[in-house]
Amino acid sequence: MAVRVAKGKDPHMLNYLLRRLALIVPTIIGISICAFAFVRVLPGDPILAMAGQHGVTPERYEILKEQFGYNLPIWQQYFDYLGSVLQGDFGISLATKRPVINEFLALFPATIELALTAMFLAVLIGIPAGIFAAVKRGSWFDQATMGVALTGYSMPIFWWGLLLIIFFSGYLGWTPVSGRIALSFFLRPITGFMLIDTLLYGNWPAFVSALRHLILPAVVLGTIPLAVIARQTRSAMLEVLGEDYVRTARAKGLSPRRVVNIHALRNALIPVITTIGLQVGLLMGGAILTETIFTWPGIGKWMIDSIFKRDYVVVQSGLLIIALIVMAVNLLVDLLYAFINPRIRVQ
Amino acid sequence: MKLMKTLLAATAILALAAGAAQAKQLIYCSEASPAHFDPGPLTGGNDFDASSHTIYNRLVEFAPGATEVIPALAESWEVSADGKEYTFHLRPGVKFHTQPYFTPTRDLTADDVIFTFERQWKEDNKWHAYLEGMTWDYFQGMDMPKYLSSIEKVDDLTVKFVLTEPNAPMLANLAMDFASIVSKEYADQLEASGDLAAFSTQPVGTGPFQFVDYQLDTVIRYAAFPDYWEGKQPIDDLVFAITTDASVRAQRLIAGECDIMPYPAPADIDILKADENLTVMEQEGLNIGYISYNTTEPPFDNPDVRKALTMAIDKSAIIEAVYQGAGQDAKNLIPPTMWSYDDATAADVYDPEAAKAALEAAGVTDLTTDLWAIPVSRPYNPNGQRVAELIQADWAKVGVTANIVTYEWTEYRERGKQPDRKGPFMIGWTGDNGDPDNFFATLFSCSAIGVSNYSSWCNEDFEAAIQAAKTTSDPAERTALYTTAQEIFKAEEPAITLAHSRVFMPMKKTVLNYHMSPLGNHSFKGVDIEE
């Protein structure tokens with residue numbers, strides 16, 4: 001029998017939520033320490049990086065160090081930073097002198113648009129492929145799908161992206177090489193989501209152009225999650241197909257389609273949802289490479305550029321914001337998981 | 001009926017597209033996002049391409065494709081006999097851009113010029129720190145505070161720079177990007193509104209293009225300024241499509257997504273050259289890749305040892321293997337495109353036998369030394385590690401053991417400039433203003449020890465020549481002095497002058513009148529598109 005979704009108030013659910021929320025505080029502090037330490041462990045010096053080939057005199061170096069607060073003891077720098085962050089102030093970029101949060105908000109929609117499309121592709125293809133492979137276990141389809149999935153999982157994103165660009169954009173000329181929309185369209189962002197904005201402007205050719213620009217990067221970013229989801233769906237499905245209730249359903253004389261779609265799938269999807277949630281962190285990592293190859297103006301490319309510029313403020317605050325978002329998504333997924341699987345709540 | 005409507009709509013779209021195509025648009029696939037659009041405090045070449053070369057002008061500028069200084073916002077100037085007073089006569093009727101955020105009520109005056117420099121110079125100027133944590137690196141780096149005594153308004157169209165001592169490169173300094181003239185009237189308007197930061201994000205200048213829009217890390221749009229003092233540009237719209245990866249830039253150019261791009265990857269140059277729709281312009285860069293001996297460290301304090309070690313290096317093999325045809329043997333510190341280049345200098349010869357004998361004669365046997373390799377690819381040295389490996393192998397043949405050391409780039413330069421650094425140090429320089437002083441004095445003057453004189457070399461005769469050249473403004477006299485400096489440099493060999501690299505600029509054949517700048521910047525003034 002399929003798991004029933006609990007209705008109404010549930011004390012276990014509330015407890016679970018509070019426990020999870022309480023865990024967030026030490027995690028945030030841990031992440032902020034890691035982010036703060038990470039940029040400082042990197043060799044290099046932000047003041048020298050800013051000065052360019054002329055360098056600075058030792059006297060001027062000391063003045064600048066004081067100006068940026070890098071002369072203070074490291075723990076004091078950290079607490080100043082943590083204090084500002086808790087007040088919602090993520091600092092000013094050393095390179096552009098703009099507030100980090102403004103840059104983040106300007107670039108984040110591009111990353112979300114790319115990540116959601118990639119995830120959409122991964123789920124749309126990964127789940128049916130996994131189900132089919134499980135149902136036809138040992139068939140040529142199963143072996144081929146799992147072989148391709150293993151290849152996809154092991155694919156170096158950077159190489160894969162360039163390969164697709166050279167073939168589809170360079171050789172066949174089907175897709176644009178990079179960017180978010182053809183440069184002949186000049187639309188000021190409304191939501192920052194190019195697909196939505198072009199529709200809001202009612203500009204159909206611009207929408208088509210945005211979609212064409214999105215395809216390759218989404219395929220590249222979606223490759224690894226697709227492989228993971230397909231493999232996870234297959235193994236969860238195989239496990240569920242061996243359960244008693246599935247055998248019972250079969251014995252009752254239900255059609256194989258009904259057994260798979262209604263009885264097996266709903267239970268098999270529970271671990272798959274967790275897997276999808278866990279892919280969010282992976283997507284953020286993959287976005288860094290994908291955005292760099294496709295010149296996709298999102299936060300991944302922003303972080304990489306900032307690391308090269310030794311823009312301490314952007315790197316540490318950017319890392320923290322990304323970590324917070326990944327945490328929030330994971331929490332949401334866990335809650336969703338608890339919601340559809342009551343056993344978790346009691347544990 | 002429905003079909004009819006669709007057809008009509010399609011026709012309308014096509015007509016609109018055709019209308020749009022009539023505006024001439026040039027798309028430049030640029031290599032990085034600009035930090036902002038106020039060139040004064042900026043340092044990156046990409047920052048300057050997006051600001052000073054599009055939106056702004058300077059009092060004097062470099063002639064297109066050359067390092068010669070020509071009139072710009074100043075139509076003429078005089079230098080006093082003692083070389084300490086520069087009087088500039090401003091061009092009358094120069095307009096600033098009219099923008100949705102600013103409408104100028106007056107033309108360019110001496111007030112704008114004074115404001116431009118005082119904000120960089122005077123710490124009590126309200127605009128000296130108008131962005132958090134800002135620094136005026138070029139103004140400082142070119143030693144402007146040391147040389148400037150005052151900047152005076154003689155009348156609305158005349159401005160006088162008084163120097164503390166004669167400094168011949170001053171004119172070239174004023175042609176540099178950091179000296180771009182900004183609008184005081186606009187600054188006053190922002191001061192009244194309290195939004196000082198807008199000065200860097202909503203720029204106003206006198207330049208050939210005016211700012212339209214910037215989408216962070218994506219695209220910058222400019223439109224030709226209709227009232228530009230040299231006349232409206234042939235193209236209507238200029239677009240910078242920011243594309244950081246060199247291979248992707250090349251793919252975009254091939255696919256027709258942009259018209260012109262800088263800095264192709266060496267591996268892509270042949271493919272780009274082979275494309276029948278493209279041309280690849282090339283030019284010697286205004287740069288030098290070199291290796292500094294520490295002339296205070298034995299045995300490198302002996303010029304004979306330094307010359308012998310240079311003689312042991314097969315430079316032509318390095319240029320072939322590392323620069324891949326995009327390099328040229330450097331026999332002097334300055335590149336051949338720069339005035340005062342001494343073509344009479346003999347090129348370094350590769351002779352391991354003679355080198356070994358010279359080392360033995362100097363009493364150097366079984367020498368073990370560190371050899372510093374640049375950790376990043378630079379225009380003047382595409383692969384420092386590879387260069388170091390080749391030199392290591394060459395030196396092994398004359399009995400010298402070299403241990404290659406390297407650090408992260410800023411760390412590397414910091415350690416390299418320490419006077420007690422051990423071992424030859426690989427480095428390079430890209431010229432700022434086309435003046436030989438920018439190479440000789442910046443890199444090898446006595447006062448640059450511990451800053452950018454990585455050889456810790458202080459030679460009396462060399463110093464006398466370059467200092468004299470700095471204080472006289474007679475070009476012939478300066479050339480003679482720099483020739484002497486080059487002869488002394490060669491006789492003393494404080495550094496191995498390795499190579500000058502070549503710079504490539506691929507573009508569509510339809511791009512007309514593009515001039516490659518020896519200074520390495522990218523300006524689209526006067527560029528046209530063939531229709």
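What percentage of the 531 residues in chain B do buried residues make up? In this predicted model, the buried share of chain B is 50%. Chain B contains 18 helices and 19 strands. Its C-alpha trace extends over about 95 × 65 × 40 Å along the principal axes. The radius of gyration of chain B is 26 Å, which agrees with the value near 24 Å for a compact globule with 531 residues. Among the contacts in chain B with a separation of 6 or more, 69% link residues 24 or more positions apart.

Strand β12 of chain B, residues 287-292, is mostly covered, with six of its six residues buried. From β12(B), the residues N287(B), G289(B) and I291(B) point one way, while I288(B), Y290(B) and S292(B) point the other way. Both sets are buried. Two strands of chain B pair with β12(B). With β16(B), residues 425-430, the pairing is antiparallel and comprises six bridges; within it, I291(B) has M426(B) as its bridge partner. With β17(B), residues 495-508, the arrangement is also antiparallel and comprises four bridges; here the bridge partner of S292(B) is A495(B).

The contact between the chains draws 46 residues from chain A and 46 residues from chain B. On the side of chain A that touches chain B, the elements giving two or more residues are α2 (46-51), α3 (58-68), α5 (100-135), α7 (157-171), α11 (256-294) and α12 (299-308). The residues on this side of chain A comprise 23 nonpolar, 16 polar and seven charged.

Helix α7(A), one of these contributing elements, was examined further. The end C-alpha atoms of α7(A) are 20 Å apart; this agrees with the 21 Å that its 15 residues should span at 1.5 Å a residue. The buried residues in α7(A) are G161(A), L164(A), I165(A) and S169(A). An α-helix has 3.6 residues a turn, so residues three or four places apart point the same way. The packing partners of the buried residues of α7(A) are α9 (204-241) and α11 of chain A, together with α9 (246-254) of chain B. Helix α7(A) thus has packing partners in both chains. After α7(A) comes G173(A), which has a positive phi, near 70°.

Definitions and conventions: Residues are numbered from 1 along each chain as its sequence is written. Chains are lettered from A and ligands numbered from 1 in the order in which they are written. This is a predicted model: local features need pLDDT of at least 70, side-chain atom pairs count only at pLDDT 80 or more; totals for chains, interfaces and linings use all residues. Two residues are in contact if their C-beta atoms, placed from the backbone, lie within 7 Å. Ala, Val, Leu, Ile, Met, Phe, Trp, Tyr, Cys and Pro count as nonpolar, Asp, Glu, Lys and Arg as charged, and the others, Gly among them, as polar. The expected span of a helix is 1.5 Å times one less than its number of residues. A residue is buried if 20 or more other C-beta atoms lie within 10 Å of its own, exposed if 12 or fewer, and partly exposed in between; C-beta atoms are placed from the backbone. Two strands pair if DSSP finds at least two bridges between them. The radius of gyration is taken over C-alpha atoms; the globule rule is 2.2 Å times the number of residues to the power 0.38.
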